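Work through the exercises below with the model open beside you. Try each task before you read its solution.

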Amino acid sequence: MTWSEMSPLLWEATGQTAVMVGWSTLFTVLFGLPLGVCLAGTDRGGLFPAPAVRRVLGLVVNIGRSLPFIVLMIAVIPVTRVLTGTTIGTAAAVVPLTIGAVPFFARLVETALREVGRDVVQAAEAMGAGRVTIVARVLLPEALPGLVAGLTVTVVTLISYSAMAGVIGGGGLGDLAVRYGYQRFETTLMVVTVVVLVVVVQLAQTLGDAVARRLSHR
Amino acid sequence: MITVTGLRKAYGDVVALDGVDLHVGKGEVFGVLGRSGAGKSTLLRCVNLLERPDEGVVTVDGRELTTLGAADLRRARQRIGMIHQHFALLSSRTVAGNVAFPLEVMGVGRAARARRVAEMLDLVGLADRAGAYPAQLSGGQKQRVGIARALAAEPSVLLSDEATSALDPATTQSILALLRRLNRELGLTILLITHEMDVIKAVCDSAAIMSDGRIAEAGPIPELLATPGSRLAAELFPLPPAEPGTVTVALAADQTLLSRLARTHDVDVAVAAGAVEQVAGVAAGRLRLRITGAGTAAALAELRERGLLVEEDA
């Protein structure tokens, strides 16, 4: 395969990966952040302790995390159909990607929020701050570097998950490597795809690290 | 200003507060001394209800906090400043941002907030560090920010939770001097807990000693000094074991006690031992005296009558 033959394939696949990872990252933050706040808040000694709620949330999150992504992707096909009207294609892949990443990100959010000192939270309580104020103005800003680090790990995980999206016709770099590199013995394309994936992951991680460092004033 | 009655609090089988009564007058600096585990931290945290007591009543500035609902309690807490052992500053906010926090909680407007923050930073001598982050400050500076933050909402009461325990001795002194100045200039009532005698001696008008969840002893320091057998006085002003023929007297308000004693009763007064320091700005402590001469009995009678004679050792 020549470069001019590979180039359009690579661009298309990179675009599909970007679309899948971009949208699923957005939805993951949208759902995972509140879920993580609930996980941390409902714990004993949290802002709004509710052991029963926490047990249920924890169970749901753990089920989500214990399924291998490829199994999860197939298992949530009915949900995907309801949400996107289709079960194949790039848009359809966003649904399982989000469902797979939300529990993962929520746990990372929970951990980041736990890192915020109890004394800081209590100081805010002593100043008469309510729970909403404490979450919005103490917990989240104080945990921000940790949240960004967690988001970076999540994005990298989503890039890796998205490689499996070929199974439901989502396309993307992983799919390209499997269909051309493996099934058609196009070793060059395989190698180039791997290099692109490595570079993309490196970029994501480096960017995430830089932002986290910039935000940290510890 | 602060009244606590019949406070009880237990964590499982561990009784942290076992019926504590305490009264702190307006404009007073009141120190609670005790070892770790004595319950003093729980006591302080019960005053603004960070801990809910199992039993008892807490009244601050005329409001009975223990009966307030959540919203009213939050509003009442805005009038009670608190400073912490490890400062508890927000690392994500600048010095100015930290001081502004309680004002944001109260809903003070941006312009008024900025004005108040500048005032507070001036008051604690940190006006030039407004844009710095807490991580860039020394321990003493961090506590100054903590104090500025605690006072931003113009509270009537300041609670100090081991505020100098994480600081070196020189910094401790400067923070204590600042607290004393704020007490005088703003008429601020301060309730502090500490395990350090020096803190009590440096700033407190009154003190209490806690052990096993109870107040063992409490009162204005001059009174404690004159109380025979006072554990607090003995801990604050330790004297060597008594020698025969000496008496121990309290030195507090009456600074010229010794010379007048000698003049009026025709006695010689020799100091055998003494523990005297500046307490809240005046020399206070205990002196062990050897009084000799014709008027000895009369001199001792006067001391006894004035309640200054702490111990007689024949």
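**Exercise 1. The end of a helix**

Task: Find which residue just after α1(B) takes a positive phi.

Solution. Step 1: go to the end of α1(B); helices are DSSP runs of H or I with at least four residues, strands are DSSP runs of E with at least two, and both are numbered from the N terminus. Step 2: read the residue that follows. Leu49(B) has a positive phi of about 60 degrees.

Before going on, note how the model is described. It is a predicted model, in which local features need pLDDT of at least 70, side-chain atom pairs count only at pLDDT 80 or more, and totals for chains, interfaces and linings use all residues. Residues are numbered from 1 along each chain as its sequence is written, while chains are lettered from A and ligands numbered from 1 in the order in which they are written.

**Exercise 2. A covered helix**

Task: State how many residues of helix α1 of chain B are buried, and say what the helix lies across.

Solution. Step 1: fix the term. A residue is buried if 20 or more other C-beta atoms lie within 10 Å of its own, exposed if 12 or fewer, and partly exposed in between; the C-beta atoms are placed from the backbone. Step 2: count along residues 40-47. Seven of the eight are buried, so the helix is largely enclosed by the rest of the structure. Step 3: name them. They are Lys40(B), Thr42(B), Leu43(B), Leu44(B), Arg45(B), Cys46(B) and Val47(B). Step 4: look at the strands. α1(B) lies across β1, β2 and β4 of chain B, at about 120 degrees to β1(B). Such angles run from 0 to 180 degrees between N-to-C directions, with axes fitted to C-alpha atoms, for helices over the stretch in contact.

**Exercise 3. An open sheet**

Task: Give the strand order of the four-stranded open sheet in chain B and name its edges.

Solution. Step 1: trace the pairs (DSSP must find at least two bridges between two strands). The order is β2-β1-β4-β5, with antiparallel pairing. Step 2: pick the edges. β2 (14-24) and β5 (63-64) each have a single partner strand, so one side of each is left without a neighbour in the sheet. Step 3: check one pair. β1 (residues 2-11) and β4 (residues 55-60) of chain B are joined by five bridges. Val4(B) stands opposite Val58(B) there.

**Exercise 4. A strand with two partners**

Task: Describe how β9(B) pairs with β3(B) and with β10(B).

Solution. Step 1: take β3 (residues 29-33) of chain B. It runs parallel to β9(B), and four bridges join them. Leu33(B) faces Ile209(B) across this pair. Step 2: take β10 (residues 214-220) of chain B. Here the pairing with β9(B) is antiparallel, over six bridges. Ser211(B) stands opposite Arg214(B). Step 3: inspect the turn. β9(B) and β10(B) form a hairpin with two residues between them, and Asp212(B) in the turn has a positive phi of about 50 degrees. Step 4: check the cover. Five of the six residues of β9(B) (206-211) are buried.

**Exercise 5. One proline**

Task: Is Pro220(B) buried or partly exposed?

Solution. Step 1: locate Pro220(B) in strand β10 of chain B. Step 2: count neighbours. There are 17 C-beta neighbours inside 10 Å, so Pro220(B) is partly exposed. Step 3: list contacts (C-beta atoms, placed from the backbone, within 7 Å). Leaving out residues up to four places away in sequence, Pro220(B) touches Asp205(B) and Ser206(B).

**Exercise 6. The largest core**

Task: How many residues are in the largest nonpolar core, and which helix gives the largest share?

Solution. Step 1: define the core. It is a set of buried Ala, Val, Leu, Ile, Met, Phe, Trp, Tyr and Cys residues joined through C-beta atoms within 7 Å. Step 2: read its size. It has 151 residues, and those with the most contacts inside it include Val47(B) and Val99(B). Helix α5 (residues 90-114) of chain A gives the largest share, 15 residues. Step 3: follow one residue. Beyond four places in sequence, Val99(B) touches several residues, among them Val117(B), Met120(B) and Ala148(B).

**Exercise 7. Two chains**

Task: Which element of chain B gives the most residues to the side that touches chain A?

Solution. Step 1: count the contact. 19 residues of chain B meet 18 residues of chain A. Step 2: choose the element. α3(B) gives the most, with four residues.

Technical notes. Contact = placed C-beta atoms within 7 Å.
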